[in-house]
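Visitor: I would like a close look at one part of this model, taken slowly. Please pick a helix and follow it through its surroundings.

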Amino acid sequence: EVLKVTSDESIEMARRAAKEEGLLVGISCGAALCGALQVASRPENAGKLIVVVLPSFGERYLSTALFQNLKEECEKMTFEAAA
């Protein structure tokens, strides 16, 4: 079965994985997570364990749109010198 997931959905899910679960994953893993959630939400899968494989790491996406908001937040941070 092939499930359709948009690029925006994939990026948002990858961001959620990082923020909510501490998983630094790439865009394709975000798509896999979206698909897993679609399958898990079906009535016939209620109470079942759904497994998804996340085959890539997100380090190569740190300078892309995937984590652009994180970069912008870091650039706005100010630091105080230690006393």
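Guide: What follows is an account of helix H2, with the whole chain as background. The model is a predicted one.

The protein has three helices and zero strands, and from the N terminus on its elements run α-α-α. The C-alpha trace spans about 60 × 25 × 20 Å along its principal axes. The radius of gyration is 16 Å, whereas a compact globule of 83 residues would have one near 12 Å. Of the 83 residues, 23% are buried. Among contacts with a separation of 6 or more, 62% join residues 24 or more positions apart.

Helix H2 covers residues 27-40, which is 14 residues. From its first C-alpha to its last it reaches 20 Å, close to the 20 Å expected at 1.5 Å a residue. Its buried residues are Cys 29, Gly 30, Leu 33, Cys 34, Gly 35 and Ala 36. An α-helix has 3.6 residues a turn, so residues three or four places apart point the same way.

What covers the buried residues of H2 includes H1. One residue to follow on that side is Ser 10, found in helix H1, residues 7-21. Ser 10 counts as buried because its relative accessibility is 4%. Leaving out residues up to four places away in sequence, Ser 10 touches Val 5, Ile 27, Gly 30, Ala 31 and Cys 34.

The two cysteines of this helix deserve a separate check. Cys 29 has 0% relative accessibility and therefore counts as buried. Cys 34 is buried as well, with a relative accessible area of 10%. A disulfide is a covalent bond between the sulfur atoms of two cysteines. The sulfur of Cys 29 has its closest cysteine sulfur in Cys 34, but the two are 11 Å apart, so they are too far for a bond. The cut-off for a disulfide is 2.5 Å between the sulfur atoms. By that rule the count is zero disulfides.

Both cysteines belong instead to the largest nonpolar core, which has eleven residues: Ile 11, Met 13, Ala 14, Ala 17, Val 25, Cys 29, Leu 33, Cys 34, Tyr 61, Leu 66 and Phe 67. H1 and H2 are the elements that give two or more residues to this core. The largest share, four residues, comes from H1. In soluble globular proteins, nonpolar side chains tend to be buried together.

Phe 67, one of the core residues, shows which other parts of the chain meet there. Not counting neighbours within four places in sequence, Phe 67 is in contact with Ala 18, Leu 24, Val 25, Gly 58, Tyr 61 and Leu 62.

Beyond the end of H2 comes the loop that leads to helix H3 (68-76), and Asn 45 has its place in that loop. Asn 45 counts as buried because its relative accessibility is 12%. Apart from neighbours within four places in sequence, Asn 45 is in contact with Val 39, Ala 40 and Ile 50. The side chain of Asn 45 reaches the backbone oxygen of Val 39 at 2.7 Å. From Asn 45 to Leu 66 the separation is 21 residues in sequence and 30 Å in space, C-alpha to C-alpha.

Technical notes:
Residues numbered from 1 in each chain as written. Predicted model: local features only at pLDDT ≥ 70, side-chain atom pairs only at ≥ 80, totals over all residues. Heavy atoms only, no water. Buried < 20%, exposed > 50% of the residue type's maximum accessible area, 1.4 Å probe, protein only. Contact = heavy atoms within 4.5 Å. Expected span 1.5 Å × (residues − 1). Polar contact = N/O pair within 3.5 Å; in protein donor to acceptor, adjacent residues only side chain to side chain. Core = buried A, V, L, I, M, F, W, Y, C linked by side-chain atoms within 4.5 Å. Rg over C-alpha atoms; globule rule 2.2 N^0.38 Å.
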